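Visitor: I'd like to go through this one with you and ask how the labels are earned. Could you show it to me?

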Amino acid sequence: MNAPFHDTAPANAPSGAPANAASSAAPLTLLIAAPRGFCAGVDRAIEIVEKALEKYGAPVYVRHEIVHNKYVVEGLKAKGAIFVKELDEVPTDAPVVFSAHGVPKSVPAEAERRNMVYVDATCPLVSKVHRQAERQLEKGRHIIFIGHAGHPEVIGTMGQVEPGQMTLVENIEDVDKLPFNTDEELAYLTQTTLSVDDTAEVIEALEWRYPNIQGPKAEDICYATSNRQKAVKELARDCDLVLVVGAPNSSNSLRLVEVAERLGTPGKLIQRASEIDPAWLDGIDAIGLTAGASAPEVLVREVVDALAKLRPIKERTITAAEEKMVFKLPRQLAE
Ligand code: SF4
């Protein structure tokens, strides 16, 4: 059920703007998506770094951005986390955390070879895909992995198997180019943060070309990705513009912009409220707002406050799903 309209008073005018800039303008309807922002995997990954800092003391090294959000990364840096690209940048006697996106098997293997203390913050839903890959290989199937080349999750999942055991496809055109015969033993898996609609099309193309291809029992796209896309679908048609708070390297945030645009509503990805161009509000009546799974709520509220300084806003939450998912911490940090 949607919350009732909530009028947000036009607070302070932005610096340089007339004091009554917001109050003199026509009201703007602000539809805020729910769920939005942090998912259970991101909450857990951030808590892992914080608990590791408490347990081992600073510095704690983190291989790759723990989640794709600069604000979060800078906050953890201030507490003593050091972010690196590769494990060989970490001193052998320092603790290291692996990011929520997952890592190739070679990374923990290398940490063990060097007798390092490491904590794996891979989201349990990404780990589930890793285990599915192992099971499909045990059954003698070659895996077609649907995902975006170069994304850390894709590198991590493809690194669960030996080279040549998994083939990446990004779209239907890639499916057309696959070299396998129809009678070969194949299975598909997907990245967790894809577009639900695009992925359905790629799976359809795979099943059409390879009628015996096996897939996961439940889809690999995670609950957080699908719920956030569903919420944007529910509000996009009623808006003139959808703002997505998220990072340009955040797959699920980029997908939210695409979902809005596919419904005919322009979408803009912003990292902070300061990126809002007041001209975006010219002549529009309603704006939608959401946030990718790695964007904290404080940044959403920052955007709401910035909009309220430009126009009086009528704020309403559009709820597409309730989320209660919580993931346990790794055993070494749980006590
Ligand atoms: Fe896990 Fe999904 Fe969140 Fe990624 S977006 S961390 S897969 S819950």
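**Around the ligand**

Guide: Sure, and keep in mind that this is a predicted model. Cys-39, Gly-41, Cys-123, Leu-125, Val-126, Thr-192, Thr-193, Cys-222, Tyr-223 and Ala-293 surround the ligand.

Visitor: What makes those residues count as surrounding the ligand?

Guide: Each residue listed around the ligand has a heavy atom within 4 Å of it.

Visitor: How many of the shell residues are nonpolar, polar or charged?

Guide: Seven are nonpolar, three are polar and none is charged. Gly goes with the polar ones, while Cys and Tyr count as nonpolar.

Visitor: And which cavity does the ligand take up?

Guide: The largest cavity is the space taken by the ligand.

Visitor: Why is Cys-39 called buried?

Guide: Cys-39 has 13% relative accessibility, and buried means under 20%, so Cys-39 counts as buried.

Visitor: Why does Cys-239 count as buried?

Guide: The cut-off is again under 20%. Cys-239 comes in at 7% relative accessibility, so it counts as buried too.

Visitor: How many disulfides does the structure hold?

Guide: Zero. A pair of cysteine sulfur atoms has to be within 2.5 Å to count.

Visitor: Which domains does the assignment give?

Guide: Domain 1 (21–38 + 223–319), domain 2 (40–123) and domain 3 (141–221). The C-alpha centres of domain 1 and domain 2 are 31 Å apart.

Visitor: How many residues of domain 1 and domain 2 are in contact?

Guide: 13 residues of domain 1 contact 11 residues of domain 2, with contact meaning heavy atoms within 4.5 Å.

Notes. Residues are numbered from 1 along each chain as its sequence is written. This is a predicted model: local features need pLDDT of at least 70, side-chain atom pairs count only at pLDDT 80 or more; totals for chains, interfaces and linings use all residues. Side-chain values use heavy atoms; hydrogens and water are left out. On a 1 Å grid over the protein atoms alone, a cavity is a set of points where a 1.4 Å probe fits but cannot get out, and a pocket is an open set with protein on both sides within 12 Å along at least five of seven lines; lining residues have an atom within 4 Å of a point. A molecule sits in a cavity or pocket if more than half of its atoms lie within 2 Å of its grid points. Buried means under 20% relative accessible area, exposed over 50%, partly exposed in between (1.4 Å probe, protein chains only). Domain bounds come from an automatic or database domain assignment.
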